[in-house]
Amino acid sequence: MRIGIVAPSCRIDDEIVTRVSALAAGRAELVWHPHCFLSDGHFAGPDAARAAALIELANDPALDAIWFARGGYGAVRIVDDVMAALGPAARGKAYLGYSDAGTLLGALYAQGIGQVAHGPMPADIRRVGGEAAVIRALDWLVDRDPAACEPGLGDAPAA
């Protein structure tokens with residue numbers, strides 16, 4: 001399984017990559033888009049760079065899923081450009097994140113693109129209980145493990 005990671009909002013740093021990659025080792029190949037490390041104010045690069053990165057990975061047929069790296073205001077600024085540029089390869093992917101990435105998840109869900117879920121992101125590794133959250137996210141992304149989802153949700157799109 002190959003998981004593309006993009007930051008539609010705020011940037012990440014090497015510590016997140018190192019810790020999350022270690023948890024994913026042997027389960028999935030994580031493809032961290034270089035724009036995740038850009039800075040434009042508090043964003044992971046300018047709007048155009050963040051949109052282009054998400055479009056690139058979503059349209060890459062060699063990737064199975066898209067995992068949003070972290071939240072923060074920014075996804076709402078690119079959602080229209082992203083949605084207009086998604087091609088056929090974007091439809092077969094899983095998408096996971098929360099916070100303002102919910103704007104993207106909602107737009108994907110509304111257009112029937114991919115399998116979307118509201119759940120942990122790589123940046124959560126820094127929170128109390130973050131390692132367990134990242135493992136749960138990987139359980140859903142890699143295995144679609146129902147135990148990774150909140151109990152009682154049934155078929156609701158959440159992890």
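This report describes the aromatic contacts and the strand pairing of strand β1 in a predicted model.

**Aromatic contacts**

A search of the whole structure yields one aromatic pair. Its members are Phe-43 and Tyr-73, whose rings lie 6.3 Å apart, centre to centre, in a tilted arrangement with 50 degrees between the planes. The pair links distant parts of the chain, the two residues being 30 residues apart. Phe-43 belongs to the loop between β2 (29-32) and α2 (47-58), and Tyr-73 belongs to the loop between β3 (65-68) and α3 (79-85).

The two partners can also be described by their accessibility. Phe-43 counts as buried because its relative accessibility is 8%, under the 20% cut-off. Tyr-73, at 48% relative accessibility, counts as partly exposed.

Arginine residues lie over the faces of two rings, as tabulated here.

| Arginine | Ring | Distance from ring centre |
|---|---|---|
| Arg-50 | Phe-43 | 4.5 Å |
| Arg-144 | Trp-140 | 4.5 Å |

Phe-43 thus takes part in the aromatic pair with Tyr-73 and also has Arg-50 over its face.

**Strand β1 and its neighbours**

Strand β1 spans residues 2-6 and is mostly covered, with four of its five residues buried. β1 and β2 run parallel and are joined by four bridges; within this pairing, Ile-3 has Leu-30 of β2 as its bridge partner. Between these two strands the chain passes through helix α1 (residues 14-24), giving a right-handed β-α-β crossover.

β1 also pairs with β3 in the parallel sense, over four bridges. Here the bridge partner of Val-6 is Phe-68 in β3.

Technical notes
Residues numbered from 1 in each chain as written. Predicted model: local features only at pLDDT ≥ 70, side-chain atom pairs only at ≥ 80, totals over all residues. Heavy atoms only, no water. Phe/Tyr/Trp six-rings, centres within 6.5 Å; stacked < 30°, edge-to-face > 60°. Buried < 20%, exposed > 50% of the residue type's maximum accessible area, 1.4 Å probe, protein only. Lys NZ or Arg CZ within 6 Å of the ring centre and 35° of its normal. Pairing = 2+ DSSP bridges. Right-handed = clockwise from strand over helix to strand, strands pointing away.
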